[in-house]
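Trainee: I have a model open and would like to learn how to read it. Could you walk me through it?

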Amino acid sequence: MAELSYRAAVRDALREEMLRDESVILLGESITGYGGSYAVTKGLVEEFGPRRVMETPIAEAGIVGFAVGAAMGGLRPVAELMTVNFALLALDQIVNSAAKFHYMFGQQWSVPLVVRTVSGFGQLGATHSQSFEGWFASVPGLKVVMPATPTDAYGLLVSAIRDPDPVIFIEHSLLYSMRGPAPPSGEAGLVPLGRAQVVRQGQDVTVVAYSRMLFQALQAAETLEREDGISCEVIDLRTLRPLDYPTVVGSVRRTHRVVLCGEDWRTGGFGATLLAEIQDRCFDDLDGPVARVAMRDIPLPYARNLEHLLIPAAGDVVAAVRSLV
Amino acid sequence: MTASPRRLAVLSMTGRLRRGQRPSLDDAQVREGLELMLLSRLFDARATTLQRLGRWGVHSPVEGQEAAVVGACLAVDPGRDWLVPQYREFPAYIHHGMPLAGIAAFFTGHPAQGRIPDGVRMLPIQVAIAAQLPHAAGLAWGLRRQGGGAVVLAYCGDGATSEGDFHEACNLAGRMQAPVVFLVQNNGWAISTPRSLQSATPSLALRALGYGFPGVRVDGNDLLAVHQATATAVARARAGEGPTLIEADTYRYSFHNTTDNPAAYADPVELAAARRQDPIERVRRYLTQRGAWDPAREAAVRERLTATLDAAVNAAARLPPPGPDECFDDIYARPPARLLRQRAGHGAPSEA
């Protein structure tokens, strides 16, 4: 089977949508000469020209606001923010403009905008190693997507670009070079927003993950099967908002145990929202507390050994599952 | 320090053309402007009264700034140009094609009936300070890609120029040669912060220099000066020469909005001086001297405008209040399942 990288899958989705739809444009910092901070857009300016692949000044709020205006005027902009840490500079435009126009003004305004950005770490320091998906996923009007595999990165980005609402599309820096099966070409490769996927079926514990944590969860599931004989059902959320509650709730009602995995902070992280929902809907089905794997409530240190110690990983998932069974 | 740019002025307070100046609008156009300004002042009074009665949302009056708003909007073509407002440009919305009934519906809590009609080239009001400016730049840039020479007129206030969004929008617009005119209404106040505490620059127009496009300063209480400067900027933008920043010096007569009490901070002497520069009275004198206006005509115009205002306000009052379902329907183009569940139970947590 043909394979491709997560990076190439994102690039393919951008390129194919640009070929299909003239109104799709890209804008962001260093996206032409350098191909963006993770070289995702490399080669696209050569193919589509600087009017469709726009190098912008360093101005995150300006980039998103500019894209909101362009979207309201009929274009389908895909704005790249180098990392999700820099998206903080654009929060007002994302939350108070992009997410609000459709609601506040009688359904009149669609903002078909995709903000592509990146979570991750790797000795980048405390200000460049954060995960804010929980913040974005708390905002009505936004959709939040976090693909884990090349197939989903492709299929979800195509869906995000075609979606009439603003989508925050968060890639993961440590996944870019990961390779996986190439998605089916054309419409068959589309992955709808708002649908989770059961990536591994199991009976004993439900493990909910997304983005990089999917692979930590799968690795943990292998270990638990081998060493403990515990059967984990692993769910990849793929979209955090709107969230596929039926898939999660259905699984928890079968396994009666659940571990929620994320890289964001334990306090106020996305898992906290999901936990509240599960206790609300599955309280009588649960055989134990809802367990979480999350970042401790500290900024990520720069020192390699400490970073390695703190980043949620497969071992943490194994420990969380064992605590329940 | 760079000297403040010369302030363009066309009409004296006595309504006479200043030496060497010619009007950029004919008498019929100036009359249209005056009628919009009169409507605006009637609207401010009505909206404020209704707000005090609990029948209108928060209102931000234009009073005192009518020439700055109207002079600019008369320089764009509603048939092809776009208006990007903040929230204090009521007569510009009307001129650009927004029906008065829709405005009354919106501010009395009927978003569906208050929507901007299809074909009216206007973005919705923006109350997040300066947030509309990047939108204006992006919209203008998109219009330029389409060809056709459309221009965007974007309004903001003096306070907005201190925001990061102002800087990023101006820099992007200059860099992209976006066909946009940034009209800064320098009304002296950002709620209770005076212009003098907003920035050390002697003129906000000077900022344009740093973005690579012209900045001009006008007497914002002079309808013809504001129009002339905006018309020049619009022609420039249409020709593909990029943005212009216009600082229109004016004065806010009244409160920032109906939640504010300027008696706590405004200087009555300064306000009285500003009122002697009234933008409406100046145009009234100008047209009267040209034989194009008289008290009888004004009385008839006021009667007609009042009737229009009555009709719009009364129509809005008859609209049924929006139902709670509307809260859930408009968040996304298609409501996700969770919102449909919340709508069904109107948000009871166990149903969510």
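Trainee: How many residues does each of chain A and chain B bring to the contact?

Mentor: Contact here means heavy atoms within 4.5 Å. Chain A gives 46 residues and chain B gives 44 residues. Keep in mind that this is a predicted model, where local features need pLDDT of at least 70, side-chain atom pairs count only at pLDDT 80 or more, and totals for chains, interfaces and linings use all residues. Residues are numbered from 1 along each chain as its sequence is written, chains are lettered from A and ligands numbered from 1 in the order in which they are written, and side-chain values use heavy atoms, with hydrogens and water left out.

Trainee: What is the area buried between chain A and chain B?

Mentor: The size of an interface is often given as the accessible area lost when the parts come together. Here about 3,700 Å² is buried between the two chains, with carbon and sulfur atoms giving 59% of it; the loss is computed with a 1.4 Å probe and summed over both parts. On the chain A side, F66(A), Y103(A) and Q108(A) supply 17% of the area that the chain buries against chain B, more than any other three residues.

Trainee: How does the radius of gyration of chain A agree with that of a compact globule?

Mentor: The rule for a globule is 2.2 Å times the number of residues to the power 0.38, and the radius is taken over C-alpha atoms. For 325 residues that predicts a value near 20 Å, and chain A has 19 Å, which agrees. Buried residues make up 63% of chain A, where buried means under 20% relative accessible area (1.4 Å probe, protein chains only), exposed over 50%, and partly exposed in between.

Trainee: Is Q51(B) buried or exposed?

Mentor: Q51(B) is buried, because its relative accessible area is 18%. This residue is found in helix 1 (residues 27–52) of chain B; helices are DSSP runs of H or I, at least four residues, numbered from the N terminus. Leaving aside neighbours within four places in sequence, Q51(B) is in contact with W56(B), G57(B), V58(B) and T258(B). Its C-alpha atom is 10.0 Å from that of T259(B), 208 residues apart along the chain.

Trainee: Which elements do the buried residues of helix 4 of chain B pack against?

Mentor: They pack against helix 1, helix 3 (90–96) and helix 11 (295–318) of chain B. Helix 4 covers residues 100–107, and its buried residues include L100(B), I103(B) and A104(B). Just after this helix, G109(B) takes a positive phi of about 90°.

Methods. Helices (H or I, at least four residues) and strands (E, at least two) are DSSP runs, numbered from the N terminus.
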